[in-house]
Amino acid sequence: IMTVLQTKPLSNIQAELLKLYANNLSDEDLFEIRMMLGKYFAKKATEAMDNVWDKNNLSEQDMINWTNEHNRI
């Protein structure tokens, strides 16, 4: 039985990161890049949540109420 592997083209981020792999980075540089990526995606998530917060006119009291809810499935 022959298995055929289908490959998808690389995403733009995969292609860009592969360019980094051509260089032998130090552990410190690799750590810094990981931190930058983490901060970038954390910022994007925060911005998205801020938009939801503003769109729905949520307040600090809403957040307090949510923390006291018991949601069990």
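**Close-up 1. Glu 16 and its salt-bridge partner in helix 1.** In this predicted model, Glu 16 sits partly exposed, at a relative accessible area of 45%. Its side chain meets that of Lys 19 in a salt bridge, with N and O 3.3 Å apart. Lys 19 counts as exposed, at 54% relative accessibility; the cut-off for that label is over 50%. Both residues belong to helix 1, which covers residues 12-21, and with 3 residues from one to the other they are about one helical turn apart.

**Close-up 2. A nonpolar patch with Leu 18 in it.** Four residues make this patch: Leu 10, Leu 18, Leu 20 and Tyr 21. Together they give a nonpolar surface patch of about 410 Å². Leu 18 is part of helix 1, and with a relative accessible area of 43% this leucine is partly exposed.

**Close-up 3. The salt bridge of helix 2.** Here the side chains of Lys 43 and Glu 47 come together in a salt bridge, this one at 3.8 Å from N to O. The cut-off is 4 Å, so the pair makes the list. Both residues lie in helix 2, 4 residues apart, which is about one turn of the helix. Lys 43 is exposed, with 51% relative accessible area, while Glu 47 is partly exposed at 34%. The count of salt bridges comes to 2.

**Close-up 4. Tyr 40 against Phe 41.** Now for the rings: the count of aromatic pairs comes to 2. One of them joins Tyr 40 and Phe 41, edge-to-face, with 5.0 Å from centre to centre and 80° between the planes. As for cover, Tyr 40 is partly exposed, with a relative accessible area of 43%. Phe 41 is exposed, and its value is 52%.

**Close-up 5. Trp 53 meets Trp 66.** In this pair the ring centres are 6.2 Å apart and the planes stand at 90°, so the arrangement is edge-to-face. Trp 53 comes from helix 2 (residues 27-55) and Trp 66 from helix 3 (residues 60-67), so the contact ties together parts 13 residues apart in sequence. Trp 66 is partly exposed, at 37% relative accessibility.

**Close-up 6. Helix 2 from end to end, and the residue just past it.** How far apart should the ends of helix 2 be, at 1.5 Å a residue? Its 29 residues should span 42 Å, and the end C-alpha atoms are indeed 42 Å apart, so expectation and model agree. Just after helix 2 comes Asn 57, whose phi is positive, at about 50°.

**Close-up 7. The whole chain, for orientation.** Stepping back, the secondary structure comes to 3 helices and 0 strands, and the elements run α-α-α from the N terminus on. How many of the 73 residues count as buried? The share is 3%, where buried means under 20% relative accessible area. The protein exposes about 7,500 Å², and 56% of that comes from carbon and sulfur atoms.

Note on methods. Residues are numbered from 1 along each chain as its sequence is written. This is a predicted model: local features need pLDDT of at least 70, side-chain atom pairs count only at pLDDT 80 or more; totals for chains, interfaces and linings use all residues. Side-chain values use heavy atoms; hydrogens and water are left out. Rings of Phe, Tyr and Trp (its six-membered ring) pair if their centres lie within 6.5 Å; planes under 30 degrees apart count as stacked, over 60 as edge-to-face and the rest as tilted. Buried means under 20% relative accessible area, exposed over 50%, partly exposed in between (1.4 Å probe, protein chains only). Helices (H or I, at least four residues) and strands (E, at least two) are DSSP runs, numbered from the N terminus. The expected span of a helix is 1.5 Å times one less than its number of residues. Accessible areas come from the Shrake-Rupley method with a 1.4 Å probe; for residues, only the protein chains shown count as cover. Patches are made of residues with over 30% relative accessible area and no salt bridge: like charges are joined within 9 Å, nonpolar side chains (Val, Leu, Ile, Met, Phe, Trp, Tyr) within 5 Å.
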